[in-house]
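This report describes the architecture of a single protein model. The sections below treat its sheets, helices, cores and cysteines in turn.

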Amino acid sequence: MIGISLNAQCLSQVFQLQFLFPQIQTRRRNIYFSRATPSYSSPFQTNFGSILTSFPFISISSCRQTQTIFCATMEDYNNTAFEALSSDKYFKELELAVKAVQMACWLCQRIQQSLLSKTNDHVQSKDDNSPVTIADWSVQGIVSWVLSESLGSDNVSIVAEEDVQVLSKVAAIGLLEAIVKTVNECLSEAPRFGLRAPVMALSTSEVLEAIDRCNSMGGSSGRFWVLDPVDGTLGFLRGDQYAIALALIEDGEPVLGVLGCPNYPAKKEMLSYHDGYCRIASRLMSLSSESWDRGCVVYASKNCGNAWMQPLLHKEKKFVWPNSARQIKVSTVDNPALATFCEPVEKANSSHSFTAGVAHSVGLWNQPLRIHSMVKYAAIARGDAEVFMKFARAGYKEKIWDHAAGVVIVQEAGGVVTDAGGHPVCFSKGMYLEGLDRGVIACAGAILHEKIVKAVDASWNSSSL
């Protein structure tokens, strides 16, 4: 054990551990300080104990003549995560998928910054009039190439949202050139993410081949991947929330899910620390900007009983699996009056009025958390919210890529996801959630889920959906 006295240096180190290594939670190493320390004259003198115990990674216990602060090292935490993940049936596929999504998040952050900083011609319209950018096709090409190179193209089948039809038009020549350039720039960074880069830059035909390889129709048998390269394109274009969603489905059931959320805070507590503890810590040390970086990747595989979150890879750092992963769990709130519910931002394919009515009838009084994309599933899995309801308007069909990754993550984090009839969401009927009973309901626990399902039943007949 290492002994350090309770002085400014000690307090500074405590804050440094919290802010620079927020994922520290598990296996403990001991840092202790003596009760017989010099007095420390500061604004923290009378409230030092309460300040320390407010941090989730610190516990203080008496042991003879010392008080001990227990905390983990980064190495300890990585080992713990690795041990838990390495025994998983889908360990190889999960590691590959997380690395691919990490790299896709890096790419999307660069593209989003470019789009927001200037007017551009790299936004097209799909048949349903929703915007699509070079990010969609670039991410699809990159993920397709990485999976095929690592697992063998004969072993990889992918269902994805985008196709190459728009790119085959003469008017899209400039867009295609930008996509090819973007894909190659990103793949050149592959070694930093623990992936193999192509020997030579991909040609236009090779990039198109990778994008077009995502032509599976899904089904009830065999193995296939499901990719939404940029879920929540409107959020992406507005500098708001969006997600890169990748799932693996076997015999009609999602068995692995990865959600990259480039604009979502890696740690919810950072938001509250910003006004309070950040000012305290800033007096004692110089905080690195990385302590406040946004972005995380959440993931899980079926029947492992764990869901994980890790920060995005920033600057010139290299990815080392499992890269500071920490376990996440759903909220323990089961009282509707205390719960927060998520719903889509856009009204085009969901009914805000119906979900608001259900929320009111069950006693959900908190302001709804409206988030673009599958980040809503991440919010439930992390315990930032308790309920996600989506009820499509007449004529809209839910796609499997909008739910597959999120469903397995929430379930493994301890939550419940079903259709509005309480049945498991079916991913075995092709590209759409055929047979879906009214809508999708995700909750932090079974008690809350049962209350929401009953409220939906009571309200449904009076709705216009």
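## Strand β18 and its partners

In β18, Val-440 is the bridge partner of Lys-390. The model in which this pairing is seen is a predicted one. Strand β16, residues 387-391, runs antiparallel to β18 and is joined to β18 by five bridges. Phe-388 likewise has a counterpart in β18, standing opposite Ala-442. Strand β17, residues 416-419, is also antiparallel to β18, with four bridges joining the two; here Val-416 stands opposite Cys-443.

How many residues of β18 (439-443) are buried? Five of its five residues are, and the strand is thus mostly covered. Burial extends to both faces of β18: Gly-439, Ile-441 and Cys-443 are buried on one side, and Val-440 and Ala-442 on the other.

## The five-stranded sheet

These strands belong to an open sheet of five, ordered β15-β14-β16-β18-β17, with mixed pairing. Because β15 (369-370) and β17 stand at the edges with a single partner strand each, one side of each is left without a neighbour in the sheet.

Two helices lie across strands of this sheet. Helix α12, residues 375-382, lies across β14 (341-343), β16, β17 and β18, and runs at about 150 degrees to β16. Helix α14, residues 446-460, lies across β16, β17 and β18, and its angle to β18 is about 150 degrees.

## The seven-stranded sheet

A second open sheet consists of seven strands in the order β7-β8-β9-β10-β11-β12-β13, again with mixed pairing. Its edge strands are β7 (158-160) and β13 (326-328), each of which pairs on one side only. On average, neighbouring strands of this sheet are turned by 20 degrees against each other, direction ignored. At the β13 edge, strand β12 (residues 307-311) pairs with β13 in the antiparallel sense over three bridges, and Trp-308 stands opposite Gln-327 in β13.

Helices also lie across this sheet. Helix α4 lies across β8 (223-231), β9 (243-250), β10 (253-265), β11 (294-301) and β12, running at about 30 degrees to β10. Helix α5, residues 134-151, lies across β7, β8 and β9, and runs at about 150 degrees to β8.

## Helix α7

In helix α7 (residues 204-212), the buried residues include Val-207, Ala-210 and Ile-211. Why do they lie on the same side of α7? They cover an arc of only 100 degrees around the axis, which puts them on that same side. The buried residues of α7 pack against α5 and α6 (173-187).

## Nonpolar cores and helix α4

In soluble globular proteins, nonpolar side chains tend to be buried together. The largest nonpolar core in this model has 69 residues, of which Met-103, Val-146, Ile-179, Trp-225, Leu-256, Val-258 and Tyr-299 touch the most other members. Helix α4 contributes the largest share of this core, 15 residues. Leaving aside neighbours within four places in sequence, Met-103 is in contact with Ile-142, Val-146, Cys-186, Leu-187, Ala-190, Phe-193 and Leu-195. Another core, of 45 residues, lies apart from it, with Phe-224, Val-226, Val-375 and Trp-401 among its members.

Lys-99 is placed in helix α4, which spans residues 91-117. Is Lys-99 buried or exposed? Its relative accessible area is 10%; because this is under the 20% cut-off, Lys-99 counts as buried. Outside its neighbours within four places in sequence, Lys-99 is in contact with Phe-193, Gly-194, Leu-195, Phe-319 and Trp-321.

## Cysteines

Zero disulfides are found in a search of the whole structure. Cys-105 is in no disulfide, and the nearest cysteine sulfur, belonging to Cys-108, is 6.6 Å away. A disulfide would require the sulfur atoms to be within 2.5 Å, so this pair does not qualify. Cys-105 is buried at 0% relative accessibility, and Cys-214 is buried at 6%.

## Overall composition

The secondary structure of the protein comprises 14 helices and 18 strands. Of its 465 residues, 55% count as buried. Among contacts with a separation of 6 or more, 75% are between residues 24 or more positions apart.

Definitions and conventions. Residues are numbered from 1 along each chain as its sequence is written. This is a predicted model: local features need pLDDT of at least 70, side-chain atom pairs count only at pLDDT 80 or more; totals for chains, interfaces and linings use all residues. Side-chain values use heavy atoms; hydrogens and water are left out. Buried means under 20% relative accessible area, exposed over 50%, partly exposed in between (1.4 Å probe, protein chains only). Contact means heavy atoms within 4.5 Å. Two strands pair if DSSP finds at least two bridges between them. Axes are lines fitted to C-alpha atoms, for helices over the stretch in contact, and angles run from 0 to 180 degrees between N-to-C directions. The arc is that of the directions from the helix axis to the C-beta atoms. A nonpolar core is a set of buried Ala, Val, Leu, Ile, Met, Phe, Trp, Tyr and Cys residues joined through side-chain atoms within 4.5 Å.
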